[in-house]
Amino acid sequence: MTPTTRRGRKETTTEASPEAERLATVTRLVRDAVDNPTPSPSSTDRDETAAPDRVTLSFACEHGHTFDLTFSSEAELPAQWDCPHCGKMADRTDGTPHPDEAPAKPVRNAWDRLRERRSIDDLDALLSERIEEMRVAA
Ligand SMILES: [Zn+2]
């Protein structure tokens with residue numbers, strides 16, 4: 001890319017000064033903002049390729065049939081649905097518990113889960129191993 005040296009060029013009346021360009025840009029931005037008000041934040045959070053107000057849920061029945069159903073995101077999403085293949089009740093596969101029998105699970109953090117699998121000695125050894133690897137890599 002060849003840098004253009006504005007300074008060295010003779011100023012012509014057709015070329016806008018930097019100040020005028022900036023003013024034009026600001027004017028255009030203001031006009032755009034007035035013409036197109038900022039969309040609500042919720043619309044920018046969504047995946048633009050997906051329909052904006054639809055939710056697709058997967059279900060699986062006890063016979064192993066799986067199917068997807070699309071619901072309006074405004075609707076109350078069901079935890080179960082009749083299997084279209086065998087008529088049995090199928091559960092949602094995204095792990096959503098039945099609203100009326102949601103188990104009161106104690107909240108476990110990452111450390112709790114780690115401690116269920118590893119002893120402190122194991123973790124000490126793993127940590128030393130990782131530190132050594134990082135030293136070697138550095
Ligand atoms: Zn089924």
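Two strands count as paired when DSSP finds at least two bridges between them, and the strands themselves are DSSP runs of E of at least two residues, numbered from the N terminus. The views below show a predicted model.

**View A. Overall course of the chain, with four helices and four strands.** Read from the N terminus, the elements follow the order α-α-β-β-β-β-α-α. The chain has 138 residues, of which 3% count as buried. Among contacts with a separation of 6 or more, 31% join residues that are 24 or more positions apart.

**View B. Helix 1, residues 18-35.** The 18 residues of helix 1, at 1.5 Å a residue, should span 26 Å, and the 25 Å between its end C-alpha atoms agrees with that expectation. The number of buried residues in helix 1 is zero, so this helix lies largely in the open. Burial here requires 20 or more other C-beta atoms within 10 Å of a residue's own.

**View C. The open sheet of four strands, in the order 2-1-4-3.** The pairing in the sheet is antiparallel. Strand 2 (66-72) and strand 3 occupy the edges; each has a single partner strand, and therefore one side of each is left without a neighbour in the sheet. On average, neighbouring strands are turned by 40° against each other, direction ignored. In a regular strand the side chains alternate between the two faces of the sheet.

**View D. The hairpin of strand 1 and strand 2.** Seven bridges connect these two strands, which run antiparallel. Within the pairing, Arg 54 faces Ser 72 of strand 2, and Ser 58 stands opposite Asp 68 of strand 2. Four residues separate strand 1 from strand 2, and in the turn Gly 64 has a positive phi of about 90°.

**View E. Strand 1 beside strand 4.** Strand 1 (residues 54-61) pairs with strand 4 (residues 89-92) in the antiparallel sense, over three bridges. Ala 60 stands opposite Asp 91 in strand 4. Cys 61 has Ala 90 of strand 4 as its bridge partner.

**View F. The hairpin of strand 3 and strand 4.** Strand 3 (residues 80-82) is paired with strand 4 in the antiparallel sense, over three bridges. Ala 90 in strand 4 is the bridge partner of Trp 81, and Ala 90 is likewise the bridge partner of Cys 61. Six residues lie between strand 3 and strand 4, and Gly 87 in the turn has a positive phi of about 85°.

**View G. The surroundings of Cys 83, in the loop between strand 3 and strand 4.** Is Cys 83 buried or exposed? With 20 other C-beta atoms within 10 Å, Cys 83 is buried, since the cut-off for a buried residue is 20 or more. Apart from its neighbours within four places in sequence, Cys 83 is in contact with Cys 61, His 65, Lys 88 and Ala 90. Of these contact residues, Cys 61 and Ala 90 are bridge partners. Cys 83 and Thr 66 are 17 residues apart in sequence, and their C-alpha atoms are 8.0 Å apart in space.

How values were computed
Residues numbered from 1 in each chain as written. Predicted model: local features only at pLDDT ≥ 70, side-chain atom pairs only at ≥ 80, totals over all residues. Expected span 1.5 Å × (residues − 1). Buried ≥ 20, exposed ≤ 12 C-beta atoms within 10 Å, placed from the backbone. Contact = placed C-beta atoms within 7 Å. Axes fitted to C-alpha atoms, helices over the stretch in contact; angles between N-to-C directions.
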